[in-house]
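Notebook open, model loaded. I'm jotting down what I look up as I go.

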Amino acid sequence: MIIKNHNIISPRPSAAVIYSIATKYTMLKSAILAATIASSYGFAPAPTGRASTSVSESKADLQNLAAKLNPAVKYFDPLNLAEAEFWGESNEATIGFLRESEVKHGRVAVS
């Protein structure tokens, strides 16, 4: 018990002060929880819904696709890579490999 100016001041805070502190503490905990949950969504895996695509893996398919996509140039293969067979694989496997590596290296070059 503290005596000051002949008035008795209690060392304990009033119920209103305790309620105010508890409310602020609860709000602080809620804000921290919300920030934690919001930041964890950045590490969630992306949805894997893939669209189906048809892959043309023969020289005739490539020529038809090139004529549709670029009517001015049409088919252009100066190194005759569409006729090559890499590593003893078939022509279709070689075209598939070249298309896959083109996409892969194009993405690396852009980033």
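I started at Asn80, which sits in the loop between α2 and α3. Helices here are DSSP runs of H or I with at least four residues, strands are runs of E with at least two, and both are numbered from the N terminus. Phi of Asn80 is near 55 degrees, a positive value in a residue that isn't glycine. Most residues other than glycine have a negative phi. Asn80 counts as partly exposed because its relative accessibility is 42%. For my own reference: buried is under 20% relative accessible area, exposed is over 50%, and partly exposed is in between, with a 1.4 Å probe and protein chains only.

Trp87 is in the loop between α2 and α3 as well. Trp87 also has a positive phi, about 55 degrees, although it is not a glycine. Trp87 has a relative accessible area of 66%, so I put it down as exposed.

A note on ground rules before going further. This is a predicted model, numbered from 1 along each chain as its sequence is written. Local features need pLDDT of at least 70 and side-chain atom pairs count only at pLDDT 80 or more, while totals for chains, interfaces and linings use all residues; side-chain values use heavy atoms, with hydrogens and water left out.

Next, confidence. pLDDT is the predictor's confidence in each residue, from 0 to 100. The chain has a mean pLDDT of 78, and 69% of its residues reach 70 or more. Among the elements, strand β1 (residues 2-4) has the lowest mean, 53, and α2 the highest, 90. Where pLDDT is low, the predicted coordinates should not be read in detail.

Then the overall layout. I noted 3 helices and 2 strands, running β-β-α-α-α from the N terminus on. Of the 111 residues, 10% count as buried. I also looked up how much of the contact list is long-range, where contact means heavy atoms within 4.5 Å. Of the contacts with a separation of 6 or more, 31% are between residues 24 or more positions apart.

On to α3. Asn91 lies in this helix, which covers residues 91-110. Buried or exposed, I wondered about Asn91? Asn91 counts as buried, because its relative accessibility is 17%. A polar atom of the Asn91 side chain lies 2.8 Å from the backbone oxygen of Ala82. Not counting residues up to four places away in sequence, Asn91 touches Ala82, Glu83, Ala84 and Glu85.

Leu98 is in helix α3 too. Its relative accessible area is 22%, so Leu98 is partly exposed. Leaving aside neighbours within four places in sequence, Leu98 is in contact with Leu81 and Phe86. From Leu98 to Phe86 I have 9.7 Å, C-alpha to C-alpha, with their positions 12 residues apart in sequence.

I followed Leu98 back to Glu57, in the loop between α1 (15-40) and α2. The C-alpha atoms of Glu57 and Leu98 are 9.9 Å apart, for residues separated by 41 along the chain. Glu57 is partly exposed, because its relative accessibility is 30%. Beyond neighbours within four places in sequence, Glu57 is in contact with Glu92, Ile95 and Gly96.

Last stop, the largest pocket. It holds about 470 Å³ of space. Of the 14 lining residues, Leu62, Tyr75, Phe76, Arg99 and Glu102 are the closest to its centre. A pocket, on a 1 Å grid over the protein atoms alone, is an open set of points where a 1.4 Å probe fits, with protein on both sides within 12 Å along at least five of seven lines; lining residues have an atom within 4 Å of a point. Helices α2 (59-69) and α3 each supply at least two residues of the lining. By class I wrote down 10 nonpolar, no polar and 4 charged residues. Nonpolar covers Ala, Val, Leu, Ile, Met, Phe, Trp, Tyr, Cys and Pro; charged covers Asp, Glu, Lys and Arg; the others, Gly among them, are polar.

Key. Polar contact = N/O pair within 3.5 Å; in protein donor to acceptor, adjacent residues only side chain to side chain. Points joined across faces, edges and corners; volume = space filled by probe spheres on them.
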